[in-house]
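Student: I should like to examine this structure in order, from the overall chain to the contact and then to single residues. May we begin once it is displayed?

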Amino acid sequence: MKKPVRTFLKISFILVITFLMLNCSDESHDSSVARAELDFQSAQLETVPLEKSFDFFNELNNEQINKKAVDANIDLKIDLSSLEQVAITDTDAKLNIATATTGLEGVETEILQIKINGEVQTVLFHLIRENRKASVTARAPDDNTEFTGRIYSTNLKGEVLSGFKFEKGIVTNVNIPSAYIKDPVPLKEVVVKNTYIEPVTNDAYTRMNYQFVRTQNNGSAMGIAYAAYYSRLNIKNFDDGINDSQLAPCLQKILDDLKKTGASPGNMITNFTNDPWNSTRFNWTVKTGKLEYGVSGNTSTLYKISTRVTTIFDSEQFPNATELSWAKTILHESVHAYLVTYYNIDKPNWESSYPEMLKDYEVTKSFNIAHHEEIATNLVKQVGAVLEVYGISKGYKLDKQFYQDMAWGGLEQTDVFKKLPVADRKRISNILQIELRGEDDLGNVKPQKGKKTGC
Amino acid sequence: MKKKIFILLSIISIFILNGCSTKKQLMSTNNEGGYTINFGVGKLKKDDEDVIIRGHVFDLKTGKLLSNAKLKTGCFEFRTTSDGEYSFRTRNRQEDSFFLEVIAFSYRAVETKLVNIYNQKEVIIDFYLAKDDRPLIECEGDEMIKKMQRELNNLK
């Protein structure tokens, strides 16, 4: 009698243990693995031999070549005697820099040259100091405070590639003209503190060390270029890495078109975070699927090793939606994907970055509300601006207000939206509905601004 | 004989495992989280002494202690420390009115049932929170949602 009971107990015990073990499996996020995939890529910078830069700059100085290659308005003149090679952080490659003057008053110019991905790139950096006398164009800084003013990078024709506003050495604003966001521009954005070291005295010895001092300043310019290049590369890598293999072709087309412009999801996230360096280092999976009635997009809140962050779009439910409507939704969801990832891989910094979202969650116990209130508060203008870039690229000639109204998509249930004047809310809701369904709020068929996706 | 007893025992066990009761089988609520309660040793000697409520907040799956989780009771809110620990005093009372809710970002909230804390020196409540895996959804337009809601309501 004892034996079968014992056997039964053994079997039961094994079953219970098995059951418990099955319930202990954990497929959720793993911070260490998530972090590992954020590792930097190796540098692809190479030094241009000094003689080659000298020859190139010399040719630029040649009036005949200048007329061909350089906009006459810039009146670029390179000081060949100032040509030097400076070290760059985190790479063996060196940057060639020379002082230059232009016809622009109050502008300090440097010409930089380096080989990036096997191609020689040349860019001009223009420093415009705040409160500086227009007549002062000498290279040496005129005070020992950290740089306050603006820095623009341009090509040799003087076309602006990027602009940065500095306050006491800290970048406070980044502006990259949309025309140059299409492809990785050779030299790009910012992160850098000015490291100018003021000469203690003006004696001969100090003056001899001027080169050193200059190098410190040039290091800043170079750092800007270096950081800018890699941050743009990060955005491109993110955009290229979006897994859209299960996305309906009609939405794939919109995503592809977004990627060709400064309205790509990577740029959207960067606009939101103002951190082109870190914020796009994650993987995003987008696919098509069936969602609840009235729901166009659905983003997971768990970061999984297998699928990362996944967003599902229900294109089947909205057959009349235009490409502008879907572009808006894709951009909106990219921000959710970023917020989910950031929280899962770096909780402490996320909490300090988004305290309001934490508060909202504690009150409402809802991710949906917390995320959307944050986006409604801080992102509507940017979504509108980015959507406009996309619209222009598709040949639409629509006013800014339309794009700004579209940017409220998915945010109509937020407190921020509900505080808008009634007339604004009504206009926005109608525009969103028309682009989504081809009907206004009252169900009247209305002409759409965008083209139907054919989904 | 032995074989019959074994079969009988097995059947009884299966019934027990399947929760063979006359009560209606209820599904659990919206999340897997929960809590444990332990009462500390000893009782309060005076009515006007306070009861200590303390414990920890854990991630249900990983067992990790959760910092900065918010605990709400009555008019007050407390936070867990960086070690996921909390502790506070509350008024000793006879009425069955004490309950505690814990909320942590990205976890489903858990609320206790009413707990009789009367004359307890110490009540230790440990919470185990499940991840909030509800997806973020885009509801397209207030008016459209209202209209759809009317259409979807079978009872009108």
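Student: What percentage of the 455 residues of chain A count as buried?

Tutor: The coordinates belong to a predicted model. The secondary structure of chain A consists of 16 helices and 13 strands. A residue is buried when its relative accessible area is under 20%. Of the 455 residues of chain A, the share that counts as buried is 49%.

Student: Among contacts in chain A between residues at least 6 apart in sequence, what percentage join residues at least 24 apart?

Tutor: The count is restricted to contacts in chain A whose residues are at least 6 apart in sequence. Among these contacts, the portion joining residues at least 24 apart is 61%.

Student: How much area do chain B and chain A bury between them?

Tutor: The size of an interface is often given as the accessible area lost when the parts come together. Here the contact draws 46 residues from chain A and 37 residues from chain B. Carbon and sulfur atoms carry 59% of the buried area, and the total for the two chains is about 3900 Å².

Student: Which three residues supply more of the area that chain B buries against chain A than any other three?

Tutor: The three in question supply 24% of the area that chain B buries against chain A. They are Phe105(B), Leu136(B) and Glu138(B).

Student: Which element of chain B gives the most to the side that touches chain A?

Tutor: Across the interface, 20 residue pairs are in polar contact. On the side of chain B that touches chain A, helix 1 (2-17), strand 6 (101-103), strand 9 (136-139) and helix 2 (142-152) each supply at least two residues. That side divides into 16 nonpolar, seven polar and 14 charged residues. With seven residues, the element that gives the most is helix 2 of chain B.

Student: With which residue does Glu140(B) form a salt bridge?

Tutor: The rule finds four salt bridges across the interface of chain B and chain A. In the one formed by Glu140(B), the closest N and O atoms are 3.7 Å apart, and the partner is Lys328(A).

Student: Which residue of chain A stands opposite Ile137(B)?

Tutor: Strand 9 of chain B runs antiparallel to strand 12 (residues 295-299) of chain A, and three bridges join the two. Opposite Ile137(B), in strand 9 of chain B, stands Asn298(A).

Student: Is Asp441(A) buried or exposed?

Tutor: Asp441(A) is placed in the segment after helix 16 (422-437) of chain A. Leaving aside residues up to four places away in sequence, Asp441(A) touches Ser429(A), Asn430(A), Gln433(A) and Glu143(B). Its C-alpha lies 5.6 Å from that of Asn430(A), although the two residues are 11 apart in sequence. Because its relative accessible area is 18%, Asp441(A) is classed as buried.

Student: What is the phi of Ser106(B)?

Tutor: Most residues other than glycine have a negative phi. Ser106(B) lies in the loop between strand 6 and strand 7 (110-111) of chain B, and counts as buried at 2% relative accessibility. Its phi is positive, near 75°.

Student: Which strands stand at the edges of the sheet with the order 4-3-6-7 in chain B?

Tutor: This open sheet has four strands with antiparallel pairing. Strand 3 (residues 70-73) pairs with strand 4 over four bridges, and Leu71(B) stands opposite Phe78(B) in strand 4 of chain B. Each edge strand has a single partner strand, so one side of each is left without a neighbour in the sheet; the edges are strand 4 (76-79) and strand 7 of chain B.

Note on methods. Residues are numbered from 1 along each chain as its sequence is written. Chains are lettered from A and ligands numbered from 1 in the order in which they are written. This is a predicted model: local features need pLDDT of at least 70, side-chain atom pairs count only at pLDDT 80 or more; totals for chains, interfaces and linings use all residues. Side-chain values use heavy atoms; hydrogens and water are left out. Contact means heavy atoms within 4.5 Å. Buried area is the accessible area (1.4 Å probe) that two parts lose on being put together, summed over both. A salt bridge is a side-chain nitrogen of Lys or Arg within 4 Å of a carboxyl oxygen of Asp or Glu. A polar contact is a pair of N or O atoms within 3.5 Å; within protein, one must be able to donate a hydrogen and the other to accept it, and residues adjacent in sequence count only if both atoms are side-chain atoms. Ala, Val, Leu, Ile, Met, Phe, Trp, Tyr, Cys and Pro count as nonpolar, Asp, Glu, Lys and Arg as charged, and the others, Gly among them, as polar. Two strands pair if DSSP finds at least two bridges between them. Buried means under 20% relative accessible area, exposed over 50%, partly exposed in between (1.4 Å probe, protein chains only).
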